[in-house]
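Visitor: Could you teach me how to read a protein model, one feature at a time?

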Amino acid sequence: MNRQVLAFAGMASLALAAATSPAKANLFDFLRPGPSVGADGRPLGVAPPRETVAYQGHYSPGTIVISTQERRLYYVLPNGQAVRYGVGVGRPGFAWSGVKTVSMKKEWPEWTPPSQMLRRRPDLPRHMVGGIGNPLGARAMYLGSSLYRIHGSNEPETIGTAVSSGCIRMTNEDVTDLYSRVSVGTKVVVQR
């Protein structure tokens, strides 16, 4: 009986501490695996696991197909299959569709924000060397001559959301896997 009382008292103290914390909106949020909203108020995503799935699209093996609505990237395999990855996509006003090709690949790429982004966000650095703190993450595949890339992210919680300026974000683990499968010249189809 004393153990039950102690267990209840311990849970009640944790609930009280969680409820009085300004970052917690719900009494039982401490029981959830993580917050659903970031410090800036943006919703946080959860990257679904990478998996091989049946794929009935009409694209040839080796093609990358991105469904911005599903927030999934498909790397088409032979025999009606594809590797499916979770992705983050462009936020409203920055979503796009079309066909591009991978024009360049880089490991731990450097990042120089484009002038359009710097006008919107003058607080951004003018240049960042590659590394774990770089927003492009572990790998980047550049899409044609556009400003868009398929890249890793130092914000894995944004996977599954629409928060980018048009680039396709992946976890560093997933982008490293995709990078190993893709070559320069790979066709990329972005669908809304």
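**Pocket and rings**

Visitor: How many nonpolar, polar and charged residues line the largest pocket?

Guide: Rolling a probe the size of a water molecule over the atoms shows where empty space is left. Here the lining has 12 nonpolar, 8 polar and 7 charged residues. A pocket is an open set of points on a 1 Å grid over the protein atoms alone, where a 1.4 Å probe fits, with protein on both sides within 12 Å along at least five of seven lines; lining residues have an atom within 4 Å of a point. Ala, Val, Leu, Ile, Met, Phe, Trp, Tyr, Cys and Pro count as nonpolar, Asp, Glu, Lys and Arg as charged, the others, Gly among them, as polar.

Visitor: Anything I should know about the model itself?

Guide: It's predicted, so local features need pLDDT of at least 70 and side-chain atom pairs 80 or more, while totals for chains, interfaces and linings use all residues. Residues count from 1 along each chain as its sequence is written, and side-chain values use heavy atoms, without hydrogens or water.

Visitor: How many aromatic pairs are there?

Guide: You describe a pair by the distance of the centres and the angle of the planes. There are 2 here (Phe, Tyr or six-membered Trp rings with centres within 6.5 Å; planes under 30 degrees apart are stacked, over 60 edge-to-face, the rest tilted). Tyrosine 55 and tyrosine 74 are tilted, because their planes sit at 35 degrees, with centres 5.3 Å apart. Tryptophan 96 and tyrosine 148 have centres 4.6 Å apart and planes at 10 degrees, so they're stacked. That second pair is 52 residues apart along the chain.

Notes
Helix = DSSP H or I, 4+ residues; strand = E, 2+ residues; numbered from the N terminus.
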